[in-house]
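Subject: The structure you asked to look at

Hi,

Here is the structure I promised to pass on. Have a look at it first, then read my notes underneath.

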Amino acid sequence: GKQANFQTGNDNMQKATEALKGNYVKNPMWSKMFGKDVISVHPLGGCCMASNATNGVVDHKGRVYSETSGESVHDGLYISDGSIIPTSLAVNPLLTISAVTERNMELLAEDYGFTIDYTLPSAVRRPHDVPKLGVEFTETMKGKLAVP
């Protein structure tokens, strides 16, 4: 949070707020008192994914290592949330966490012989008419409009 781009972003937000006649309120956590650290509501790390127990807590499938070194895992013990992401991603991590979790569940299902039904509850339940092929014309007006 100490890089110039954070200050630039805050300055631009203040300008935009003023232009819209709003009241800009600085984030109270982004202050000298808190070291201008960037805070995320998505806790990451703590049970990091790694290729072995020396470097992390879980393997690429989210299985928890059973020793402090090596690659042996506890049978049936998985972690699959933001804690397995080793570091900040510099963007909202929702999609990354979701993708890793979805992949881990697919691998878990494969390992145990489960089948996952990917049919969405919102999927079309009855056939619907397919629109007929045709031609459509659209008119666009260009110019200036004077409003008194």
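Let's start with K21, which is exposed, with a relative accessible area of 75%. Anything over 50% counts as exposed, so K21 clears that mark with its 75%. You'll find K21 in the loop between α1 and β1. Its backbone has something to look at too: phi of K21 is near 65°, a positive value in a residue other than glycine. One thing to keep in mind for everything here is that this is a predicted model.

Now step back to the whole chain. There are 2 helices and 2 strands, and from the N terminus on they come in the order α-β-β-α. Helix α1 covers 4–19 and strand β1 covers 63–65, while helix α2 covers 94–112.

How does the chain's radius of gyration compare with that of a compact globule of 148 residues? The globule would be near 15 Å, but the chain has 26 Å. If you draw a box around the C-alpha atoms along the principal axes, you get roughly 75 × 60 × 20 Å. Of the 148 residues, 18% count as buried. The chain exposes about 12,400 Å², and carbon and sulfur atoms supply 58% of that area. As for contacts with a separation of 6 or more, 38% of them are between residues 24 or more positions apart.

You can get a feel for the distances by picking R126 and K36. They are 90 residues apart in sequence and 55 Å apart in space, C-alpha to C-alpha. R126 sits in the segment after α2 and is exposed, at 66% relative accessible area.

Next, the inside. In soluble globular proteins, nonpolar side chains tend to be buried together. Here, the largest nonpolar core has 7 residues: V58, V64, I79, I84, I85, I97 and V100. Two of these are worth clicking on.

The first stop is V64, in strand β1. Is V64 buried or exposed? With a relative accessible area of 10%, V64 is buried, because the cut-off for that is under 20%. Leaving out residues up to four places away in sequence, V64 touches V57, V58, V73, H74, L77, Y78 and I79. Take Y78 from that list: V64 and Y78 are 14 residues apart in sequence, yet their C-alpha atoms are 5.7 Å apart in space.

The other stop is I97, in helix α2. I97 is buried too, with a relative accessible area of 16%. Not counting residues up to four places away in sequence, I97 touches L44, D81, G82 and I85. If you want a distance to try in your viewer, go from I97 to S83: the two are 14 residues apart in sequence and 9.1 Å apart in space, C-alpha to C-alpha.

On to the charged pairs. The structure holds 2 salt bridges. In one, the side chains of D59 and R63 meet, with 2.6 Å from N to O. D59 is buried, at 6% relative accessible area, whereas R63 counts as partly exposed, at 23%.

The other salt bridge joins the side chains of D111 and K61, with 3.0 Å from N to O. Which parts of the chain does this pair tie together? D111 lies in helix α2 and K61 in the loop between α1 and β1, so the salt bridge links parts that are 50 residues apart in sequence. Here D111 counts as partly exposed, at 38% relative accessibility, and K61 counts as buried, at 16%.

Last, the surface. M29, M33 and F34 make a nonpolar surface patch of about 330 Å². M29 belongs to the loop between α1 and β1 and is partly exposed, with a relative accessible area of 34%. Residues need over 30% to be part of a patch, so M29 qualifies with its 34%.

If you'd like an order for your own tour, try K21 in its loop, then V64 in β1, then the salt bridge of D111 and K61, and finish at the patch with M29.

Cheers

Notes
Residues are numbered from 1 along each chain as its sequence is written. This is a predicted model: local features need pLDDT of at least 70, side-chain atom pairs count only at pLDDT 80 or more; totals for chains, interfaces and linings use all residues. Side-chain values use heavy atoms; hydrogens and water are left out. Patches are made of residues with over 30% relative accessible area and no salt bridge: like charges are joined within 9 Å, nonpolar side chains (Val, Leu, Ile, Met, Phe, Trp, Tyr) within 5 Å. Accessible areas come from the Shrake-Rupley method with a 1.4 Å probe; for residues, only the protein chains shown count as cover. A salt bridge is a side-chain nitrogen of Lys or Arg within 4 Å of a carboxyl oxygen of Asp or Glu. Helices (H or I, at least four residues) and strands (E, at least two) are DSSP runs, numbered from the N terminus. Buried means under 20% relative accessible area, exposed over 50%, partly exposed in between (1.4 Å probe, protein chains only). A nonpolar core is a set of buried Ala, Val, Leu, Ile, Met, Phe, Trp, Tyr and Cys residues joined through side-chain atoms within 4.5 Å. Contact means heavy atoms within 4.5 Å. The radius of gyration is taken over C-alpha atoms; the globule rule is 2.2 Å times the number of residues to the power 0.38.
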